[in-house]
Amino acid sequence: MFLDRLDKAILRQLQHDASVSNLQLASLVGLSPPACFKRVKKLKSAGVIASQVVLLDQNKLGACLHMIVNVEMERDRLDLNDGFIKRIRTASEVRECYQVTGDIDFVLLVTVANMPDYETFCQRYLYSEANMKNFKTQISMNRVKYDTCAVISD
């Protein structure tokens with residue numbers, strides 16, 4: 001789908017505050033409310049806007065640990081990697097998973113309430129993976145930046 005300047009302006013505004021009314025959004029991007037509504041509807045139906053969510057402040061919800069897990073597989077085979085990916089997609093603890101280049105095969109961003117929960121996660125998804133060579137875990141001491149905005153090229 002081709003995105004013009006106005007589509008991109010709409011997407012940038014919605015990424016910062018998806019709760020903005022159509023009237024406010026139209027004013028911010030310089031469109032009439034009906035034209036703005038039509039564009040947003042088109043962006044949703046095309047799948048450019050995948051979903052609208054609420055971001056929560058984890059600090060107000062209780063303690064949690066953020067882990068960065070570097071996973072190295074024994075063998076680099078498509079079927080084995082696909083099996084791992086399928087299993088990781090079902091893990092509620094995994095917030096993000098990246099298949100990467102280099103010595104590491106996958107990087108997982110994992111969030112758990114405490115270390116016993118992380119140990120349970122490791123038993124269920126990492127230690128039980130037959131193709132796992134090794135994994136290394138880093139525990140985040142402080143989340144310095146968190147941004148959910150996608151890159152929208154000009």
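How do the residues of the lining of the largest pocket divide into nonpolar, polar and charged? They divide into 14 nonpolar, 5 polar and 2 charged, where Ala, Val, Leu, Ile, Met, Phe, Trp, Tyr, Cys and Pro count as nonpolar, Asp, Glu, Lys and Arg as charged, and the others, Gly among them, as polar. This is a predicted model, in which local features need pLDDT of at least 70 and side-chain atom pairs count only at pLDDT 80 or more, while totals for chains, interfaces and linings use all residues. Residues are numbered from 1 along each chain as its sequence is written, and side-chain values use heavy atoms, with hydrogens and water left out.

## Pockets

A pocket is an open set of points on a 1 Å grid over the protein atoms alone, where a 1.4 Å probe fits, with protein on both sides within 12 Å along at least five of seven lines, and its lining residues have an atom within 4 Å of a point. Grid points are joined across faces, edges and corners, and the volume is the space filled by probe spheres set on the points.

| Pocket | Volume | Lining residues nearest the centre |
|---|---|---|
| Largest | about 700 Å³ | Leu14, Gln15, Ser51, Thr148 and Cys149 |
| Second largest | about 600 Å³ | His66, Arg95, Thr111, Arg143 and Tyr146 |

The largest pocket is lined by 21 residues, and the second largest by 19. In the second largest pocket the lining divides into 12 nonpolar, 4 polar and 3 charged residues. At least two of its lining residues come from each of β1 (65–73), β2 (94–99) and β3 (106–112), and β3 gives the largest share, 4 residues. Strands here are DSSP runs of E of at least two residues, and helices are runs of H or I of at least four, numbered from the N terminus.

## Helices α4 and α2

Helix α4 has 12 residues (78–89), which at 1.5 Å a residue, taken over one less than the number of residues, should span 16 Å, and its end C-alpha atoms are indeed 16 Å apart. Its residues Asn81, Phe84, Ile85 and Ile88 are buried, a word that means under 20% relative accessible area, with exposed being over 50% and partly exposed in between (1.4 Å probe, protein chains only). Seen down the axis of α4, these buried residues fall within an arc of 100°, so they line one face of the helix, the arc being that of the directions from the helix axis to the C-beta atoms. An α-helix has 3.6 residues a turn, so residues three or four places apart point the same way. The elements that cover the buried residues of α4 include β1, β2, β3, α5 (115–126) and β4 (132–139), contact meaning heavy atoms within 4.5 Å.

Within α4, asparagine 81 counts as buried because its relative accessibility is 4%. Leaving aside residues up to four places away in sequence, asparagine 81 touches Met73, Arg75, Asp76, Gln99, Phe106 and Asn131.

In helix α2 (residues 22–29), Leu25, Ala26 and Val29 are buried, and they too fall within an arc of 100° seen down the axis, so they line one face of α2. These buried residues pack against α1 and α3 (33–45), whereas Leu23, Ser27 and Leu28, on the other side of α2, are exposed. Glycine 30, which follows α2, has a positive phi, near 80°.

## Two acidic residues

Glutamate 93 sits in the loop between α4 and β2 and is buried, with a relative accessible area of 13%. Its C-alpha atom is separated by 5.4 Å from that of valine 110, 17 residues apart along the chain. Aspartate 4, in the segment before α1 (5–16), is partly exposed, at 25% relative accessible area.
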